[in-house]
Amino acid sequence: MEISANWVFILIIIPISGILVGAWDLTKKKIYIWLLVMLWGVVGILFLFSKRGSSPEEKLVNIPIEKKHYYGSYVIAREFFSGDQVDWQYNHFRFEIKDNDSIYFHLTNGAKINKTHRGGISTTKLDSNENLMLHMDTPTHHILKTNPRLYFKDNELFLVFKSKKYHNVYFKKGEWKEIE
């Protein structure tokens with residue numbers, strides 16, 4: 001089991017600090033103040049030199065994402081929300097990006113595809129990643145009105161679309177399967 005820095009701080013650093021201040025207050029010996037300053041100095045140095053914000057998600061962002069990484073099938077990412085709304089979206093929206101730079105956004109009812117919005121894709125390079133740009137045939141669906149944002153969580157790529165109806169709509173690579 002991994003102990004977080006927050007628990008170490010709460011359960012060890014703060015109580016030791018309290019003990020040192022109490023010992024100084026009772027004895028008025030400068031050694032306790034000196035130990036307190038040394039303790040907080042070490043904590044400060046560890047904080048400055050630690051890799052704060054180096055989570056696996058942030059480390060993955062440094063791996064360059066290219067156009068070829070976008071190719072595949074996408075479904076609604078149900079990890080972020082639960083309930084009837086996300087299940088309904090999962091059963092009604094999915095899309096695929098083909099290696100001929102085309103996108104097919106499917107409006108579905110479970111396994112059955114009712115309508116498909118077609119378009120093309122391109123990418124634009126920002127930093128080390130190529131961000132996805134959509135070029136949809138008109139008329140198109142409200143989810144596809146803006147280009148998606150690229151996010152990472154637990155070593156997984158997510159495309160997040162801004163929708164006027166649903167706010168943020170999260171998609172991830174995967175094949176559609178019936179909800180159990």
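Select Y74 and F95 in this predicted model. F95, in strand 2, is the bridge partner of Y74. Now widen the selection to strand 1 (residues 72-76) and strand 2. The two strands pair in the antiparallel sense, over 4 bridges.

Stay on strand 2, residues 93-97. Is this strand enclosed or open? Of its 5 residues, 4 are buried, so the rest of the structure largely encloses strand 2.

Next, add strand 3, residues 102-109. Strand 2 pairs with strand 3 over 5 bridges, again in the antiparallel sense. Pick E96 to see one point of this pairing: Y104 in strand 3 stands opposite E96. Then follow the chain through the turn. Strand 2 and strand 3 make a hairpin, with 4 residues between them. Click D101 in that turn; its phi is positive, about 65 degrees.

**Aromatic rings**

Show the aromatic side chains. The model has 15 aromatic pairs. Start with F95 and F105. How do these two rings sit against each other? Their centres are 6.3 Å apart and their planes meet at 25 degrees, so the pair is stacked. A stacked pair needs planes under 30 degrees apart. The pair links distant parts of the chain: F95 belongs to strand 2 and F105 to strand 3, 10 residues apart.

Check the burial of both. F95 has a relative accessible area of 2%, so F95 is buried. F105 has 0% relative accessibility and also counts as buried.

Keep F95 and select F161. The ring centres of F95 and F161 lie 5.7 Å apart, with planes at 85 degrees, so this pair is edge-to-face. It too links distant parts of the chain: F95 is in strand 2, F161 is in strand 7 (residues 156-163), and 66 residues separate them. Both F95 and F161 are buried.

Now select the whole group. Y74, W88, F93, F95, F105, F161, Y166 and F171 form one aromatic cluster. The tour's starting pair, Y74 and F95, is part of this cluster.

**Helix 4**

Move to H92, in helix 4 (residues 84-92). Is H92 buried or exposed? H92 has a relative accessible area of 18%. Buried means under 20%, so H92 is buried. Show the contacts of H92. Leaving out residues up to four places away in sequence, H92 touches H106, L107, T108 and N109.

**Charges over rings**

Select R78 and Y90. The charged end of R78 sits over the ring of Y90, 5.3 Å from the ring centre. Then jump to K28 and W24. Here the charged end of K28 sits over the ring of W24, 4.6 Å from the ring centre.

**Strands 4 and 5**

Select strand 4 (residues 112-126) and strand 5 (residues 129-136). They run antiparallel, joined by 8 bridges. Pick S122; its bridge partner in strand 5 is M133. These two strands form a hairpin with 2 residues between them. Click D127 there, where phi is positive, near 55 degrees.

**A pocket**

Keep strand 5 on screen and turn on a pocket display. Which residues lie nearest the centre of the second largest pocket? They are N131, P148, R149, L150 and Y151, among the 12 residues that line the pocket. Strand 5 and strand 6 (149-153) are the elements that each give two or more residues to this lining. The pocket's volume is about 170 Å³.

Methods
Residues numbered from 1 in each chain as written. Predicted model: local features only at pLDDT ≥ 70, side-chain atom pairs only at ≥ 80, totals over all residues. Heavy atoms only, no water. Buried < 20%, exposed > 50% of the residue type's maximum accessible area, 1.4 Å probe, protein only. Contact = heavy atoms within 4.5 Å. Pairing = 2+ DSSP bridges. Phe/Tyr/Trp six-rings, centres within 6.5 Å; stacked < 30°, edge-to-face > 60°. Lys NZ or Arg CZ within 6 Å of the ring centre and 35° of its normal. 1 Å grid on protein atoms, 1.4 Å probe; cavity = no way out; pocket = protein on both sides within 12 Å on 5 of 7 lines; lining within 4 Å. Points joined across faces, edges and corners; volume = space filled by probe spheres on them.
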